[in-house]
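The exercises below are meant to be worked with the sequence and the coordinates side by side. Each task is followed by a solution that proceeds step by step.

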Amino acid sequence: MDHKTTENIDVGIPAAGSAAGLNSADGWRTMLMGFSHIVLVANSDAVDIASLQAQFPQTALFVFFNKVYKVLDRPFHGHSLLISRGQPRGANIVYRGEVGEVVKFFPKEYFLGIMNIRLGPEEKLNPAADFQGAPTGHLDLVGFCSDFYTEGKTPTSGFAMALWLSDLKLPGAIVLAGFSARRSQKWRVVSAHDWSFEQTFLRLFARLGKITIHGGVALNPYISLAQRFTEVPPAEIALAAAEVLSERLGNTDTEIDKLISLTNVIRSADNFMRRLRPKFLKRKPKGSPGE
């Protein structure tokens with residue numbers, strides 16, 4: 001996809017602070033229609049902000065999530081929107097006192113504001129005043145994914161926003177950047193979410209043309225394989241890939257069992273030391289395990 005060209009957008013770029021007071025899908029859609037691209041930027045090691053921004057026109061909107069200081073190291077001079085998800089105690093950047101630390105990365109002349117969302121009934125939206133004067137709107141998406149998402153798991157904010165934006169049928173392209181769901185030394189993969197389900201769903205959406213996945217994840221070698229060897233049915237390629245994956249996972253489980261056995265002594269010592277810790281050190285603030 002040529003990110004520099006897309007369907008002409010006639011609505012015009014919304015003014016800075018346009019998110020203030022929005023609380024309905026129609027209101028948000030009207031604002032978002034003015035952008036040629038809506039780029040969802042995951043908190044991921046795979047994101048190179050400078051390189052990413054250079055690949056899109058000035059009519060693109062970049063959507064960030066919560067703790068942007070982990071992917072931004074300087075103010076972002078581009079049209080931007082921050083997604084802040086409610087948790088049982090409200091948005092974590094609010095109850096952790098990090099609003100100012102996050103918002104400082106968004107110069108006022110480019111910043112549309114904050115979209116405070118919730119996905120579960122136990123999650124809480126914050127009043128706009130909690131965001132220290134930053135233009136704030138709200139979006140209640142309780143139940144949005146409940147009819148198809150894995151039972152007992154909760155969708156990530158990025159996954160839910162990608163689907164919600166797709167449903168709006170905006171004239172601009174929806175692009176996912178850094179949605180790799182990979183562990184790293186910097187990022188953990190929170191078990192409250194079904195990462196395999198989300199990756200499968202998003203890649204299917206990409207093949208249907210509803211979204212675009214930026215970067216290497218979008219390059220599927222199995223598609224190239226099917227195009228090169230047309231005599232092999234795609235279903236056979238899928239079955240062969242599933243067979244290989246099953247064998248590799250089985251081998252991995254065997255090695256993990258060996259590691260568990262080898263670390264029994266270490267884990268026993270760790271459990272013993274944890275029982276010796278004072279009770280006040282064991283307390284953790286309640287809240288959703290992830291975004």
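**Overview of the chain**

Of the 291 residues of the protein chain, 41% count as buried, where buried means under 20% relative accessible area, exposed over 50% and partly exposed in between, with a 1.4 Å probe and protein chains only. This is a predicted model, in which local features need pLDDT of at least 70 and side-chain atom pairs count only at pLDDT 80 or more, while totals for chains, interfaces and linings use all residues. Residues are numbered from 1 along each chain as its sequence is written, and side-chain values use heavy atoms, with hydrogens and water left out. The secondary structure comprises ten helices and seven strands, taken as DSSP runs numbered from the N terminus (helices H or I, at least four residues; strands E, at least two).

**Exercise 1: the largest nonpolar core**

Determine which residues of the largest nonpolar core touch the most other members, and which element gives the largest share.

Step 1. A nonpolar core is a set of buried Ala, Val, Leu, Ile, Met, Phe, Trp, Tyr and Cys residues joined through side-chain atoms within 4.5 Å; the largest one holds 38 residues, of which Leu-40 and Trp-164 touch the most other members.

Step 2. The elements that give two or more residues to this core include α1 (25-32), β1 (37-41), α5 (157-168) and α6 (195-207), and the largest share, eight residues, comes from α5.

Step 3. Leaving aside neighbours within four places in sequence, Trp-164 is in contact (heavy atoms within 4.5 Å) with Ala-25, Trp-28, Leu-32, Met-115, Leu-139, Leu-141 and Phe-144. Apart from the largest core lies another, of 28 residues, among them Val-47, Leu-52, Val-99 and Phe-131.

**Exercise 2: two buried polar side chains**

For Thr-136 and His-193, establish which backbone oxygen each side chain reaches.

Step 1. Thr-136 lies in strand β5 (residues 136-140) and is buried, with a relative accessible area of 5%; the side chain of Thr-136 reaches the backbone oxygen of Ala-134 at 2.8 Å.

Step 2. Leaving aside neighbours within four places in sequence, the residues in contact with Thr-136 include Ala-19, Ala-20, Gly-21 and Phe-131.

Step 3. His-193 is found in the loop between β6 and α6 and counts as buried at 4% relative accessibility, while the side chain of His-193 reaches the backbone oxygen of Thr-154 at 2.6 Å. The C-alpha atoms of His-193 and Gly-152, which are 41 residues apart along the chain, are separated by 8.9 Å.

**Exercise 3: positive phi**

Asn-66 has a positive phi although it is not a glycine, and so does Lys-169; decide for each whether the residue is buried or exposed.

Step 1. As background, most residues other than glycine have a negative phi.

Step 2. Asn-66, with a phi of about 50 degrees, lies in the loop between β2 and β3 and counts as buried at 3% relative accessibility.

Step 3. Lys-169, with a phi of about 55 degrees, lies in the loop between α5 and β6 and is exposed, with a relative accessible area of 62%.

Notes. A polar contact is a pair of N or O atoms within 3.5 Å; within protein, one must be able to donate a hydrogen and the other to accept it, and residues adjacent in sequence count only if both atoms are side-chain atoms.
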